[in-house]
Every structure is written in structure tokens, then in C-alpha cells.
Amino acid sequence: RRKNSNKLEVIDPVMTGFTDVCLVVFMAYGLGTSAATHHLTESSFADEIRSKDMFIKFYAPWCAHCKKLAPTWNSLADELGDLVAMVDCTEQSALRDQFGIRSYPTLIYVEAGGGKMYKYKGERSLSALAVFARTGWKSAPLYDPTAPPPTAAEGQNVLIAIKMAMNAYPKLSTFIALSMVGLLVASILFCLFFCEYDTHVVEDLTKRD
């Protein structure tokens, strides 16, 4: 019995220490991700923006560029706290329309009260985003969500839409590329076959004459 009690005395501190480590890791993980998952909704937006500035990422879950930016945006949220937020435009269509979102991701710094806003157009590195969120927005031009898009020709708009779709769905992009190659090869074979066929027909007609 004495031996068993000694074993329990040894095991108990070990288990306690293990539990404490797990608790610390869990708390650190929770604190690290709480800011990164700060989503704004149509019902909460007005209250949250009333008294503080916010740097907002407008995104769509299916967007490949948004997925690529996600880890950097999470790190930015860890660094700057509740200054950083995001809006899922597939669920918050009213906010998407209010801010004139036409492409994903769109990054906008909004001053407290929502009266003035500034669109970020720089590189999407953590350091560049942090500089803009802290002071860089002050030298950026005002963003007008009601202004018409800068693109002119309808053909350009179609190409942009196709490019966005191909970026969002890489498998579709690969399928389209392979289909175009296959169509090109088929066209070349078709032309070679009928050119050869026409040559034989001309030779036969010449021999008959």
C-alpha cells in the first residue's frame, strides 16, 4: 500500500502539470484566434463602427485570393485586435452593396461613425497591411462606394469575370485549358486530313481528264 501511495504522489504532480500546460495552450490558442474570427453582420455593424475605426476585409468563402490572404489577415487581427474585422459578402449582401464591393477580397479602412473610408490597394503582406491600418490610411484617397467602376469596355468586364472564376476554381481552369488544347489539336488534324483528301481528289480528277 505504501508503494502504491508513493506512485500516486509522483503521478499526481505530473498530471497536474500536464493539465496546466494544456490549459495554457488552449487559452493561448483561443486568445490568438478570437480577433481573427471577428465577423461583422448587418445587425451589428452600426453599433460596432459607431465609436471606433475598423479595417475590414470583404470576402467570399469560395474566392481563392481570399483563402490565400486568410492566414495573413488572422495574424493582422492577432497584432491589432478588434481594429481588424471581416464581412462575408455571401451572407451579408446589404453590407456588400453598401460598400460597393465588386471584387474579392476588398480591404477598406472605415473611420468611426462610418462617414469616411479608405480602400487599401497595396501589397498584401502583414507588414504593409499593419502600416496602413496604423497610419497609412491617413494619406490614402477617400473611397466612394457609389462611384462607378473604373472598367470601360464590356469585353474587359467579361474577361475579368472569367479570370475571377478561373482563380476561384483552379480545377475548372485546368479543364478549360485542356479543352482548348484538345480543340486546337482536333482543328489541326481536321485541316490536315481534308487538305490531304482534297489533294487526292484533284489528282483523281486530273487522271480522269
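In what order do the strands of the open sheet stand? In this predicted model, the open sheet has 4 strands in the order E2-E1-E3-E4, and their pairing is mixed. The close-up views below begin with this sheet and then turn to helices, salt bridges and a surface patch.

**View 1. The open sheet of 4 strands and its two edges.** Strand E2, residues 84–88, and strand E4, residues 117–119, stand at the edges, and each has a single partner strand, so one side of each is left without a neighbour in the sheet. From one strand to the next, the twist averages 25 degrees. Helix H3, which covers residues 64–80, packs on the sheet and touches strand E1 (54–59) as well as E2 and E3, while the direction of this helix makes about 160 degrees with that of E1.

**View 2. Strand E3 between its partners E1 and E4.** Strands of a sheet pair through backbone hydrogen bonds, and the pairing can be either parallel or antiparallel. E1 and E3 pair in the antiparallel sense over 5 bridges, and within this pairing Met54 stands opposite Val110 in E3. Strand E3, residues 106–110, also pairs in the antiparallel sense with E4, here over 3 bridges, and Lys119 in E4 is the bridge partner of Ile108. E3 and E4 form a hairpin with 6 residues between them, and in its turn Gly113 has a positive phi of about 95 degrees.

**View 3. The side chains of strand E3 and their burial.** In a regular strand the side chains alternate between the two faces of the sheet. On E3, Thr106, Ile108 and Val110 point one way, whereas Leu107 and Tyr109 point the other way, and all are buried. Because 5 of the 5 residues of E3 are buried, this strand is largely enclosed by the rest of the structure.

**View 4. Helix H5 and the elements that cover its buried residues.** Helix H5 runs over residues 126–134, and its buried residues are Ala128, Leu129, Ala130, Phe132 and Ala133. The cover over these buried residues of H5 includes strands E1, E3 and E4 together with helix H3.

**View 5. A salt bridge between helices H5 and H3.** The model has a count of 4 salt bridges, and one of them joins the side chains of Arg134 and Glu79, with an N to O distance of 2.8 Å. This pair links distant parts of the chain, since Arg134 is in helix H5 and Glu79 in helix H3, 55 residues apart. Arg134 counts as partly exposed at 45% relative accessibility, and Glu79 likewise counts as partly exposed, at 40%.

**View 6. A salt bridge between two loops.** Lys52 forms a salt bridge with Asp82, and the closest N and O atoms of the two are 3.3 Å apart. Lys52 lies in the loop between H2 and E1, and Asp82 in the loop between H3 and E2, so the pair ties together parts that are 30 residues apart in sequence. With a relative accessibility of 24%, Lys52 counts as partly exposed, and Asp82 counts as partly exposed with a value of 47%.

**View 7. Helix H2 and the residues around it.** Helix H2 covers residues 45–49 and contains Ala46, which counts as partly exposed at 42% relative accessibility. Although Ala46 and Gly114 are 68 residues apart along the chain, their C-alpha atoms are separated by 8.2 Å. The side chains of Arg50 and Asp47 meet in a salt bridge, at 2.9 Å from N to O. Arg50 is exposed, with a relative accessible area of 54%, whereas Asp47 counts as partly exposed at 49% relative accessibility.

**View 8. A nonpolar surface patch that includes a residue of helix H7.** Val181, Val185 and Leu189 make a nonpolar patch of about 270 Å² on the surface. Val181 lies in helix H7, which covers residues 170–208. An α-helix has 3.6 residues a turn, so residues three or four places apart point the same way.

Methods. Residues numbered from 1 in each chain as written. Predicted model: local features only at pLDDT ≥ 70, side-chain atom pairs only at ≥ 80, totals over all residues. Heavy atoms only, no water. Patch = residues over 30% accessible without salt bridge, like charges linked within 9 Å, V, L, I, M, F, W, Y side chains within 5 Å. Areas by Shrake-Rupley, 256 points an atom, 1.4 Å probe, with all protein chains shown as cover. Pairing = 2+ DSSP bridges. Axes fitted to C-alpha atoms, helices over the stretch in contact; angles between N-to-C directions. Contact = heavy atoms within 4.5 Å. Buried < 20%, exposed > 50% of the residue type's maximum accessible area, 1.4 Å probe, protein only.
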